[in-house]
Amino acid sequence: MATVKKPLAERQTPYFWEEACKHLVKKDRVMKRLIPQFGDVCLETRGDAFVTLARSIVGQQISVKAAQTVWGRFELLPRKLTPANVLKLKVDDMRAAGLSARKVEYLVDLALHFDNGALHVKSWESMSDDEIVAELIAIRGIGRWTAEMFLIFHLMRPNVLPLDDVGLITGISHNYFSGDVVSRSDAREVAAAWAPYCTVATWYIWRSLDPVQVEY
């Protein structure tokens, strides 16, 4: 029976996950080994676009543990973490939470884009991955990698292949090339068998390196 796609607001886990796993197990020897190791656990979304992007900015170029610490301090500053409330925060307070001057600028620019309607949030569900990436990378501090993490962790698009992600490349190296150096073209060749569910395969590659789920 065909899977019914629910509206974004109603779903917290991807509608396509079970179908994708069946596809990947049939098409890829590594996926056939990896997928059963993680049971029913799957990708989940926090359901808030602004928070997802803000977390990704906070986490740039620092360890996961450090990012969690800084985020924990930052999210306590406003009464509720909304774009309008972030714009009211004092720079000194944001810096005291552990944010660099540049990340403060990035978070303010992100909040401005949400607050002034520059982002077509209500249209994202009908926009293509590339259209959304183009819109997001216009925001300071958001590059292609961050935009692709947003496609995966917030919009839960099924076929995202984040070739700029170190974890994905490392995981492909370990699982497919016995640890040898892997190029982007090598990664694309491996991922040809994953389509149209590159997101799901990427998630399992990440799990193969670290069983703990990363969240944005």
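This briefing walks through charged pairs, buried residues, a helix packing and some backbone details.

The model is predicted. It holds six salt bridges, and three of the pairs are described below. Two buried aspartates, Asp109 and Asp165, have no salt bridge. Helix 10 and helix 12 pack at an angle of about 75°. A cis peptide bond joins Ala195 and Pro196.

**Salt bridge in helix 1**

- Side chains of opposite charge can pair when their charged atoms come close.
- Glu18 pairs with Lys22 in a salt bridge, and their closest N and O atoms are 3.7 Å apart.
- Both residues belong to helix 1, which covers residues 17-27.
- They are four residues apart, so about one helical turn separates them.
- Glu18 is exposed, because its relative accessible area is 58% and the cut-off for exposed is over 50%.
- Lys22 also counts as exposed, at 52% relative accessibility.

**A network around Arg144**

- Which two side chains does Arg144 meet in salt bridges? They are those of Asp130 and Glu148.
- The N to O distance from Arg144 to Asp130 is 3.8 Å.
- Arg144 lies in helix 9 (residues 144-153) and Asp130 in helix 8 (residues 129-136), so this pair ties together parts that are 14 residues apart in sequence.
- The N to O distance from Arg144 to Glu148 is 2.9 Å.
- Arg144 and Glu148 both sit in helix 9, four residues apart, so about one helical turn lies between them.
- Shared partners join Asp130, Arg144 and Glu148 into one network of salt bridges.
- Exposure varies along this network: Asp130 is exposed at 54% relative accessibility, Arg144 is partly exposed at 40%, and Glu148 is buried at 6%.

**Asp109 and Tyr106 in helix 7**

- Asp109 is found in helix 7, which spans residues 101-115.
- Asp109 is buried yet has no salt bridge.
- Where is the nearest side chain of opposite charge to Asp109? It belongs to Arg140 and is 5.3 Å away.
- That distance is beyond the salt-bridge limit, because a salt bridge needs a nitrogen and an oxygen within 4 Å.
- The Asp109 side chain does reach the backbone nitrogen of Arg140, at 2.9 Å.
- Beyond residues up to four places away in sequence, Asp109 touches Ile139 and Arg140.
- Tyr106 has its place in helix 7 too.
- Is Tyr106 buried or exposed? Tyr106 counts as buried, because its relative accessibility is 14% and the limit for buried is under 20%.
- Tyr106 and Arg140 are 34 residues apart along the chain, and 5.5 Å separates their C-alpha atoms.
- Leaving aside neighbours within four places in sequence, Tyr106 is in contact with Ile57, Gln60, Arg140 and Gly141.
- Arg140 thus appears among the contacts of Asp109 and of Tyr106.

**Asp165 in a loop**

- Asp165 is found in the loop between helix 9 and helix 10.
- Asp165 is buried yet has no salt bridge.
- The nearest side chain of opposite charge to Asp165 is that of Arg207, 9.3 Å away.
- The side chain of Asp165 reaches the backbone nitrogen of Gly167 at 3.1 Å.
- Neighbours within four places in sequence aside, Asp165 is in contact with Trp145, Met149 and Trp206.

**Helix 10 against helix 12**

- Helix 10 covers residues 166-176 and helix 12 covers residues 198-209.
- The axes of these helices are 9 Å apart, at an angle of about 75°.
- That angle makes helix 10 roughly perpendicular to helix 12.
- The residues that meet include Gly167, Leu168, Ile172 and Tyr176 in helix 10.
- On the helix 12 side, they include Thr202, Ile205, Trp206 and Leu209.

**Backbone details in loops**

- The peptide bond between Ala195 and Pro196 is cis, with omega about 5°.
- Pro196 is found in the loop between helix 11 (184-191) and helix 12.
- Gln61 has a phi near 60°, a positive value in a residue other than glycine.
- Gln61 is found in the loop between helix 3 (49-58) and helix 4 (64-74).
- Gln61 counts as exposed, at 84% relative accessibility.
- Ser178 also has a positive phi, near 55°.
- Ser178 has its place in the loop between helix 10 and helix 11.
- Ser178 is exposed, with a relative accessible area of 72%.

Conventions. Residues numbered from 1 in each chain as written. Predicted model: local features only at pLDDT ≥ 70, side-chain atom pairs only at ≥ 80, totals over all residues. Heavy atoms only, no water. Helix = DSSP H or I, 4+ residues; strand = E, 2+ residues; numbered from the N terminus. Buried < 20%, exposed > 50% of the residue type's maximum accessible area, 1.4 Å probe, protein only. Lys, Arg positive; Asp, Glu negative; His and termini not counted. Polar contact = N/O pair within 3.5 Å; in protein donor to acceptor, adjacent residues only side chain to side chain. Contact = heavy atoms within 4.5 Å. Axes fitted to C-alpha atoms, helices over the stretch in contact; angles between N-to-C directions. Parallel < 35°, antiparallel > 145°, perpendicular 65-115°, else oblique.
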